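Student: Could you take me through one spot in this protein up close? I'd like to see how a single residue sits in its surroundings, with enough of the overall fold to get my bearings.

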Amino acid sequence: MSAQIHDDKVFEDITFDKGAIRNAEYNNCIFKKCDLSECEFAVTKFIDCVFENCNLSMLKLERCTLNDVAFKHCKLLGVNFSRCEDFLFTVRFESCILDYASFMGKKMPKTRFAKTSLKETTFTQATLTGSVFDECNLADTVFRQTDLTAVNFSTALNYIIDPELNTMNKAIFPAHGLEGLLYKYNLKIV
């Protein structure tokens with residue numbers, strides 16, 4: 001695909017070339033059942049786009065803009081979102097596999113993660129104020145120097161978060177999940 005502007009298009013059942021796509025722009029586009037695994041996008045803009053049932057594993061996003069982008073039922077293994085542009089970075093995830101991804105240093109307040117697996121994903125030095133992890137698996141997910149102010153973990157599973165290493169004012173946790181906050185103290189909670 002040549003570098004150009006795509007407005008209001010639907011891309012369905014397409015396997016994108018593994019080569020680099022530079023300086024493209026996708027506005028209000030829908031990607032359905034596409035394979036973008038191992039593709040390289042550089043200086044590309046995705047604005048008001050939706051990815052549904054796509055494989056985006058190991059996708060490379062170098063200096064890309066993700067503005068109001070939704071991922072639904074997608075596989076996003078090992079995607080490094082920290083390489084995206086910070087300006088207007090807004091994403092949401094529903095029923096995705098987002099394992100081994102990185103959001104290191106990203107400012108992403110009020111981000112919604114719903115029914116998503118985030119195993120071994122890193123949020124080190126990220127800002128997640130007011131975000132929601134609804135029925136998400138956070139096994140071995142890294143929160144370090146992360147702003148978790150008013151983040152809702154009430155239905156999240158398998159998290160281990162050190163309150164001494166993160167800002168957690170008014171974060172919401174279920175009573176049965178307190179062991180994930182006290183893990184480092186090696187307590188036996190019954």
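Tutor: Let's start with the fold, keeping in mind that this is a predicted model. The protein chain has 13 strands and one helix, and reading from the N terminus, the strands are followed by the helix at the end. The radius of gyration is 17 Å, close to the 16 Å from the globule rule for 190 residues, so the chain is as compact as a globular protein of that length. Along the principal axes, the C-alpha atoms fill a box of roughly 60 × 30 × 25 Å. Of the 190 residues, 45% count as buried. The accessible surface comes to about 9800 Å², with 50% of that belonging to carbon and sulfur atoms. As for charge, there are 22 positive and 25 negative ones, and their mean positions lie 2 Å apart.

Now zoom in on Lys72. You'll find Lys72 in strand 10, which covers residues 65-72. Is Lys72 buried or exposed? Somewhere in between: Lys72 has a relative accessible area of 29%, so it counts as partly exposed. Leaving aside residues up to four places away in sequence, Lys72 touches Val50, Phe51, Glu52 and Asn53, and also Glu94 and Cys96. Another distance to check on your screen is the one to Arg92: that residue is 20 positions from Lys72 along the chain, and their C-alpha atoms are separated by 8.5 Å. Back at the level of the whole chain, take the contacts with a separation of 6 or more: residues 24 or more positions apart account for 2% of them.

Key. Residues numbered from 1 in each chain as written. Predicted model: local features only at pLDDT ≥ 70, side-chain atom pairs only at ≥ 80, totals over all residues. Heavy atoms only, no water. Helix = DSSP H or I, 4+ residues; strand = E, 2+ residues; numbered from the N terminus. Rg over C-alpha atoms; globule rule 2.2 N^0.38 Å. Buried < 20%, exposed > 50% of the residue type's maximum accessible area, 1.4 Å probe, protein only. Contact = heavy atoms within 4.5 Å. Areas by Shrake-Rupley, 256 points an atom, 1.4 Å probe, with all protein chains shown as cover. Lys, Arg positive; Asp, Glu negative; His and termini not counted. Charge placed at Lys NZ, Arg CZ, Asp CG, Glu CD.
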